[in-house]
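Let's take a walk through this protein together, from the whole chain down to a few single residues. Have the model open as you read.

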Amino acid sequence: MPYFTLLNRILGIAPETQNRLFELFVNILDLLVQKARIEGNLDTDIIDLKANVIKLKRTPKNVYVDQMNGASTVLYTFILDRGVSWELENTMLNEKQKARFGSYGDGFYKSKREWLGKRHVILAFQRYHYVCCFCSSSAPAMYKIVRPTTRESPRNSMDCGPDDRFAPDLF
């Protein structure tokens, strides 16, 4: 089934289910893109670089010159700093709490397992928490995740929250 048919059919169901299915679709698409990137089959053409600081790592290098018209392909290598400082993360959390927009799920979380010899810390903000008006059952909350190395995630987390892989950390 073509992806646009799937997306059109999703429009006919409840919004919270739409969100979950769309997140699943995007996660599968991300995995396919990642696989193609690893296999060297992904042609990205032009890429927008997003970072706090972008520096040229080395001088540009000519990697190919077309024999017919003399056009050259130039390789540029950059160093990207996409991170967010501890101070900025702390300020983000404090401002949300001061404005009383905070949720009980907002805060810093530390990974339950080590990865590459370290435990990772994230800042999570609860975005949605659906409660059915008929039976009062609730769907898992959606979270916006901020990581020190990559800043805010572009999409809401599909997890039931950071509690799945992360434990609350009190600093």
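What follows starts with the overall make-up and then turns to a helix pair and two aromatic residues.

Please keep in mind that this is a predicted model, in which local features need pLDDT of at least 70 and side-chain atom pairs count only at pLDDT 80 or more, while totals for chains, interfaces and linings use all residues. Residues are numbered from 1 along each chain as its sequence is written, and side-chain values use heavy atoms, with hydrogens and water left out.

The protein has three helices and nine strands. Here helices (H or I, at least four residues) and strands (E, at least two) are DSSP runs, numbered from the N terminus. Following the chain from that end, you meet the elements in the order α-α-β-β-β-β-α-β-β-β-β-β.

Of the 171 residues, 21% count as buried, a word that stands for under 20% relative accessible area, with exposed being over 50% and partly exposed in between (1.4 Å probe, protein chains only). The accessible surface comes to about 13,100 Å², and carbon and sulfur atoms hold 56% of that; such areas come from the Shrake-Rupley method with a 1.4 Å probe. If you take the contacts (heavy atoms within 4.5 Å) between residues at least 6 apart in sequence, 43% of them join residues at least 24 apart.

Now for the helix pair. Helix α1 (residues 3-10) and helix α2 (residues 15-39) pack at an angle of about 165°, their axes 10 Å apart. Axes are lines fitted to C-alpha atoms, for helices over the stretch in contact, and angles run from 0 to 180 degrees between N-to-C directions. The two helices are therefore roughly antiparallel, the label for angles over 145 degrees. On the α1 side, Y3, L6, L7 and I10 make the contact, and on the α2 side Q18, L21, F22 and F25 do. Seven of these residues are nonpolar, one is polar and none is charged.

F22 deserves a second look. This residue of helix α2 is partly exposed, with a relative accessible area of 39%. F22 and I10 are 12 residues apart along the chain, and their C-alpha atoms are separated by 8.0 Å.

Finally, turn to Y109, which sits in strand β5 (residues 107-111). Is Y109 buried or exposed? With a relative accessible area of 6%, Y109 is buried. Y109 and V121 are 12 residues apart in sequence, and 5.6 Å lies between their C-alpha atoms.

Methods:
Parallel < 35°, antiparallel > 145°, perpendicular 65-115°, else oblique. Nonpolar A, V, L, I, M, F, W, Y, C, P; charged D, E, K, R; others polar.
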